[in-house]
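Thanks for making the time this morning; I would like to walk through how a few helices pack together in one chain, taking the pairs one at a time. Please have the structure open while I talk.

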Amino acid sequence: MSLLEAKHITKEYTGRTIIKDISIHLETGELISLLGLSGSGKTTLFQVLSGLTRPEMGEVFLNGREITGRPGAVSYMLQKDLLLPHKKVIDNVSLPLVLKGMKKREAREAASPFFAEFGLEGYQDQYPDRMSGGMRQRAAFLRTYLSTMVQTGGIPGLGTAGLTGTEPGSAGQDSAMHGAALLDEPFSALDTITKGQLHTWYLEMMQRIRLSTIFITHDIDEAILLSDRIYLMTGRPGVIEHEIRILPPREQRKKFNLTQEFLDYKKQIIHILGAAESA
Amino acid sequence: MKEKSENITRRLPAAITLVLIVVLWELLCFSGAVPAYMLPSPVAVVKAFAQDFPTLMFHAATTLQEAAWGLLTGILLAFMMATLMDRFVNLERAWYPLMIITQTIPTIAIAPLLVLWMGFGMAPKITLVVITTFFPIAVGLLDGYHSVDQDAVSLMRAMGANRVQIFRHVKFPSALGHFFAGLKISASYAVVGAVISEWLGGFEGLGVYMTRVKKAYAFDKMFAVIFLIVIISLLLIALVNLLRNLAMPWTAGREE
């Protein structure tokens with residue numbers, strides 16, 4: 001059973017079909033990406049997966065349970081970091097816990113051990129407007145992560161799904177159920193250098209916290225570097241054109257983008273996307 | 001500290017202009033270019049202010065009470081209306097035009113009517129202040145609610161937030177800036193609104209006192225009242241700014 005599975009999704013807006021008969025799946029611990037040109041319906045697919053909008057056809061399952069059109073089951077990080085300017089970073093990231101009924105103070109306590117893990121040490125009491133794009137993005141990641149933890153019962157004092165102790169990093173593995181996170185172009189707003197740093201940081205962190213994620217990107221290099229599998233989306237209406245598995249394990253991808261293998265993947269992707277566009 | 005000295009530098013031109021105007025005014029009166037019965041000199045006004053101080057304070061207390069109760073009711077009413085209008089679109093369609101119409105009615109025209117209906121006590125004055133103050137706040141809040149980032153609302157929904165939580169964590173805080181902008185305007189209207197309604201009937205209050213000294217042609221006293229009204233209004237605006245900074249600490253050190 002897949003962690004998250006979408007079957008034959010079709011979504012229309014005002015009579016126009018945006019995505020058509022899309023089926024994708026995400027396995028536990030996996031990191032997959034949706035790669036495609038703008039307008040291929042990637043964000044629409046995310047809105048369906050997150051339950052924010054209901055598809056005309058098809059179903060979404062999380063851990064085998066149907067969640068079509070029901071928000072709150074899958075965490076979703078939108079394209080903008082959307083840190084609330086009126087909340088300190090600690091209150092921004094612990095918001096998912098507060099929304100589930102935790103007291104503000106308890107939520108802060110539960111969230112603060114993760115600040116070091118996410119490279120946010122010392123930023124707890126800052127307001128987001130005073131932070132750089134890279135730091136804001138880290139905070140948004142942490143909020144998404146905590147949101148996933150909440151959904152899977154991985155936060156003590158919230159929910160009952162079997163879990164003992166939550167040292168940072170181990171929480172994801174201990175959880176009885178796994179959560180899924182959808183990240184919509186999480187790195188696109190950053191400059192090249194910050195982006196590179198965050199890619200490295202992200203790969204390292206994903207080894208420790210094993211968050212299962214789908215992310216949207218239109219950056220081919222980024223997709224090859226970070227993913228286990230890539231779904232190539234094309235066309236209007238958007239369809240899944242192809243699926244590519246990136247074979248080298250994620251832990252061994254430090255200099256991956258300098259290898260011939262990497263270039264071969266890139267050629268293949270450009271070829272497929274190019275062919276689809278000219279067709 | 002640096003911010004403070006910058007603050008002073010920024011306000012210096014206004015202060016100098018004000019001082020120059022007062023000096024010019026005094027010179028005009030002192031030289032006899034303008035007769036004293038038409039325009040009292042600043043010195044005469046200050047003297048009148050000092051002599052009348054206890055009387056002025058007595059009337060100011062009444063006016064301030066009317067302004068405060070009116071403003072508080074106005075805020076409450078504006079908050080309820082704006083929030084309901086934001087929640088129910090049809091309510092907004094029904095009420096918004098009416099709200100505008102209430103603003104086009106001249107205050108001076110309805111004040112006597114209010115006195116007729118409610119008597120010479122505080123009630124008609126408070127009502128008039130409510131009518132003048134609730135509009136800028138309601139419109140400010142409504143604009144604030146509408147200006148909320150829809151993506152932030154989507155994010156909240158994806159995190160499983162309900163309508164009340166979305167209001168509390170996203171909508172209301174993002175409307176606060178607009179609310180205080182409206183409140184600042186309303187605070188400056190509140191005292192003037194109370195004074196105008198006192199002109200048309202009443203036993204105490206700065207407006208009542210103003211008509212009294214006007215009838216006595218005591219223009220120095222008249223000016224003293226005007227200055228007191230200005231000072232009170234400025235203090236109220238300063239209070240609103242203070243509250244704004246307390247309520248919105250994340251904007252500290254930022255210009256509006």
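**Helix packing around α6(B)**

Let me begin with helix α4 (residues 89–104) of chain B and α6(B), whose axes come within 10 Å and cross at roughly 135°, and I should say at once that this is a predicted model. At that angle α4(B) and α6(B) are therefore oblique to each other, and their crossing is left-handed. The contact is made by B:M99, B:T102 and B:Q103 on the α4(B) side, and by B:I131, B:F135 and B:A138 on the α6(B) side. By class, the residues of this contact of α4(B) with α6(B) divide into four nonpolar, two polar and no charged.

Now to helix α8. Helix α6 (residues 123–146) of chain B packs with helix α8 (residues 163–199) of chain B at an angle of about 160°, with the two axes 7 Å apart. That angle makes α6(B) roughly antiparallel to α8(B), and the crossing of these two helices is right-handed. In the contact of α6(B) with α8(B), the residues divide into 16 nonpolar, eleven polar and four charged.

Finally, what is the angle at which helix α3 (residues 53–87) of chain B and α6(B) pack? The angle is about 35°, and the axes of α3(B) and α6(B) lie 7 Å apart. Here α3(B) passes α6(B) in a right-handed crossing, and the residues of their contact divide into 19 nonpolar, four polar and three charged.

Conventions: Residues numbered from 1 in each chain as written. Chains lettered and ligands numbered in written order. Predicted model: local features only at pLDDT ≥ 70, side-chain atom pairs only at ≥ 80, totals over all residues. Axes fitted to C-alpha atoms, helices over the stretch in contact; angles between N-to-C directions. Helix = DSSP H or I, 4+ residues; strand = E, 2+ residues; numbered from the N terminus. Parallel < 35°, antiparallel > 145°, perpendicular 65-115°, else oblique. Left-handed = near helix turned anticlockwise from the far one by under 90°. Nonpolar A, V, L, I, M, F, W, Y, C, P; charged D, E, K, R; others polar. Contact = placed C-beta atoms within 7 Å.
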